[in-house]
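This report looks at how aromatic and nonpolar side chains are arranged in one protein model, beginning with a contact between a charge and a ring.

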Amino acid sequence: MFDKRLIKEIPEAKAYVKRQVLCQWIALIMNIIFTVGLSYTLVLLFQEQLTIEILMIGIVFAIILFVIRGIVLKKATQFSFAGASLVKKILRERLFKKILELGGHYQDYVATSELVQLGGEGINQLETYFALYLPQLFYSVLAPVTLFIIISFYDFMSALVLFLCVPMIPLSIVLIQKNC
């Protein structure tokens, strides 16, 4: 579910979502580079052309990739937390401001139990939407496109088949859940 109204309500959260997706995408690129490097190393090993120097360079390169990946994933987590905190702060401020506007007769408009539910669980659900769901939604679109582009340089038909199979993943999950 992608709700443009929610995003328009809290436009400040978009920056955190974009940064989180960018960090996840950089981590994906680091994984791809590592996999290509490992594959190249294995090819050299099987062709008996692997030297100690090449192996040492590969190990140093892999360590650098893992460090970069770790840093960007940590930053993604920080952006997620910062975005979630911002969303909670803004929504709770708006809720309390509205209650103050209504004054002591807020119960004429909304039940106290509904207000408590909205202020607690309702805002926490929106926090989850902005901090986890939206970034994962955009990343789940970006990652297959990135993989398609990269794999298509090696084998276009394989890339196309994999790309076309991406929608089958959520479909199979839904079908399995319905049968259980």
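## A charge over a ring

In this predicted model, the charged end of R19 lies over the ring of Y16, at 5.6 Å from the centre of that ring.

## Aromatic pairs

The structure contains 5 aromatic pairs. One of them joins Y129 and F130, whose ring centres are 5.4 Å apart and whose planes meet at 85°, so this pair is classed as edge-to-face, given that planes over 60 degrees apart fall into that class. Both partners are shielded: Y129 has a relative accessible area of 7% and is therefore buried, and F130, with a relative accessibility of 4%, is likewise counted as buried, because the limit for that class is under 20%.

A further edge-to-face pair is formed by F148 and F156, with 5.8 Å from centre to centre and 65° between the planes. Here F156 has 44% relative accessibility and therefore counts as partly exposed. Beyond the individual pairs, Y129, F130 and Y133 are linked by ring pairs into a cluster.

## Nonpolar cores

The largest nonpolar core consists of 18 residues, and those with the most contacts inside it are I10, V87, L115, F130 and L134. At least two residues of this core are supplied by each of the helices α1 (4-9), α2 (13-46), α3 (52-102) and α4. Separate from this core is a second one of 5 residues, including A27, V72, A76 and F79.

F130 thus connects two parts of this description, since F130 belongs to the ring cluster with Y129 and Y133 and is also among the residues with the most contacts inside the largest core, in keeping with its 4% relative accessibility.

## A nonpolar patch on the surface

Which residues form a nonpolar patch on the surface? The patch is made up of V36, V141, V145, I149, F153, Y154, F163 and L164, which together have about 820 Å² of accessible area. Helices α4 (112-154) and α5 (156-165) each contribute at least two residues to the patch, and α4 provides the largest share, with 5 residues.

V141, one of the patch residues, is located in helix α4. With a relative accessible area of 52%, V141 is exposed, because that class begins over 50%. Helix α4 accordingly takes part in both settings, supplying at least two residues of the largest core as well as the largest share of the surface patch.

Conventions:
Residues numbered from 1 in each chain as written. Predicted model: local features only at pLDDT ≥ 70, side-chain atom pairs only at ≥ 80, totals over all residues. Heavy atoms only, no water. Phe/Tyr/Trp six-rings, centres within 6.5 Å; stacked < 30°, edge-to-face > 60°. Buried < 20%, exposed > 50% of the residue type's maximum accessible area, 1.4 Å probe, protein only. Lys NZ or Arg CZ within 6 Å of the ring centre and 35° of its normal. Patch = residues over 30% accessible without salt bridge, like charges linked within 9 Å, V, L, I, M, F, W, Y side chains within 5 Å. Areas by Shrake-Rupley, 256 points an atom, 1.4 Å probe, with all protein chains shown as cover. Salt bridge = Lys/Arg side-chain N within 4 Å of Asp/Glu carboxyl O. Helix = DSSP H or I, 4+ residues; strand = E, 2+ residues; numbered from the N terminus. Core = buried A, V, L, I, M, F, W, Y, C linked by side-chain atoms within 4.5 Å.
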